[in-house]
Amino acid sequence: MEPTTVYPARLVRTMDPARPTAEAVAVRGDRIRAVGTVAELMTYPGAVLDERYAGTVLLPGFVEAHSHAGSGNVWANTYVGLVDRTDPDGRRWPGCRTLDEVLQRLREAEAELAGPDEPLLAWGLDPIYFPGQPFAAAQLDRVSATRPIHVAHTSGHVCAVNTAVLRRFGIDASTPVPGVVKDDAGNPTGELQEFAAMGLVGELTAGTGLLTIDARALRRFAQDGVNTGTTTLTDLGSMLLMDDDGVELYRSTVDDGFPARLDVFHFGAGVGPVSRPLPEAAERLVQLRELSTDRLRFGNVKLMLDGSIQGFTARLLEPGYLNGEPNGIWAVSPEEFREAFETFHRAGLLIHVHCNGDQTTQLFLDTLEAVLTTHPRPDHRHTCTHSQLSTAAQYRRMAALGACANVFANHIWAWGDQHMDLTVGPDRAARMNAAATALRLGVPISLHSDTPVTPLGPLHAVKHAVTRLTVSGRVMGEHERIGVQEALEAVTIGGAYLLKRDHEVGSLEAGKFADLAVLAEDPLAVAPEEIGGIHVLGTVVGGDHHASVVPAPGAGSAP
């Protein structure tokens, strides 16, 4: 008889309303056998006691429904972001608080490169933190006017390059591609917005960055999951699934010992020309679904419609941007989006659509309604992901159409001050990432990080959705705050629902996978502002135990 292992804890929070808390979890094989008191569970046949988690708090493993496996790869480049970050290996990277500090870090990285033609690649930049201070070719040329330099913005929707890169790829006043920013004289500044423009220099960054992965990146990504209590991850936008070698990379790496579950979404539209005709791509994804395992899931699609609000490339309805900046950039035309959406919908695939601006949400909803009218499909769970400026009226339509919303709560802290002061103004900012409105109107939600855009960490997302505090300490829309329990449900059973995995993960119930987050403190017993700082000791995935490599607060960390 296979043994049943009983794990007592200081507290078990199940996210199961039938039994919200318990003393212990019983695990048999890779599944939860039962949840209850220690006395109850020890009566099960073959029960043995394991007290390794006796002093901890156990929750369902967190579900991250919008992340990128490439976040395990970006650390190969130089980090120049504003805030301190911790990489998957537990090393802490100090932020660059000024543009001069950015340039100094680039100079230090440039000095370590070998050949004079080796490109200097960096990531994490966000000029909106430094209003009125340009950062493009003229500034990067101060690091080197001859070595190619490419610096990706945090959002992944904009980059800055130096004159050497512009020259190498023939980008000049005659370049007609939208997103190539030009000065008053018509000459390119070195800022490239969105994927058509960034693709002009794509050869420079091949093999690196957000959309590039290898086995090491996948393993580092999974360790980041362990470090943050996340047991189900997504690669929301893979460029590899139309290639057999790409599929084999996932299958050979995400094996039975991989410390997370991974749902892979094919990037179906929005990042340049598609690799296969849409019907052929849809048919392939349907076939790939048959290769799915308990740890690795194929058969999902990501479509992208616009850019980022803080990069001024998102598409906004009236009254638009605060200071009259021109509207953003469509990643694909509405006609191309309709064709892609309808093709993948008819194939029975799950679709998550990148919608930052409210004009983009409107197009998503108009398209969804038109397609459902022609091709009805129950329980589709198509999702508006980011959903940053979605209005109350749009959430009513989501509820009516059976759509979900994955809310980017991390933006409240990361760019809240900028949204209030620079992008949309305090009135519209107060309505951004409107989790309370979505829940009130019956829209299923989750909260996400979009890592590496913001750091992976569902407890931080919970904190941001509950407090709605910005970096400066202001509250960005007090009436859109949600409760801690609601936020915890969003990053567990909510995320599982958006991925159509709520029958397997997201709560601690008999028969579900034994996926747990092991915490030092109870999120409902600390001040909301402290939830993001709760130490994650590790995870359990399918009954396998994995340890965090991030030191406890106060224990010290790498410089």
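In the predicted model, Val25 of strand E2 has Val35 of strand E3 as its bridge partner. These two strands, E2 and E3 (residues 31-36), are paired in the antiparallel sense through five bridges. Two residues separate them in a hairpin, and in its turn Gly29 adopts a positive phi of about 65°. E2 (residues 21-28) is also joined to strand E1 (residues 4-13), again in an antiparallel arrangement, by six bridges. Within this pairing, Thr5 lies opposite Val27 of E2. In general, the strands of a sheet pair through backbone hydrogen bonds, in either a parallel or an antiparallel manner.

An open sheet of six strands, with mixed pairing, follows the order E7-E10-E11-E12-E14-E13. Its edges are formed by strand E7 (78-79) and strand E13 (180-182), each of which pairs on one side only. Helix H2 (residues 99-111) packs on this sheet and touches E7, strand E10 (120-125) and strand E11 (149-153). The direction of H2 makes about 150° with that of E10. Elsewhere in the sheet, strand E12 (residues 158-161) and strand E14 (residues 188-193) are antiparallel and share three bridges, with Cys159 placed as the bridge partner of Leu192 in E14.

Empty space within the model was also examined. Six cavities of 30 Å³ or more were counted, and the second largest of these holds about 60 Å³ of space. Its lining comprises Ser155, His157, Ser308, Gln310, His354, Asn356, His386, Gln388, Phe408, His411, Asp450 and Val453. By residue class, the lining of the second largest cavity divides into nine polar, two nonpolar and one charged.

Methods. Residues numbered from 1 in each chain as written. Predicted model: local features only at pLDDT ≥ 70, side-chain atom pairs only at ≥ 80, totals over all residues. Heavy atoms only, no water. Pairing = 2+ DSSP bridges. Helix = DSSP H or I, 4+ residues; strand = E, 2+ residues; numbered from the N terminus. Contact = heavy atoms within 4.5 Å. Axes fitted to C-alpha atoms, helices over the stretch in contact; angles between N-to-C directions. 1 Å grid on protein atoms, 1.4 Å probe; cavity = no way out; pocket = protein on both sides within 12 Å on 5 of 7 lines; lining within 4 Å. Points joined across faces, edges and corners; volume = space filled by probe spheres on them. Nonpolar A, V, L, I, M, F, W, Y, C, P; charged D, E, K, R; others polar.
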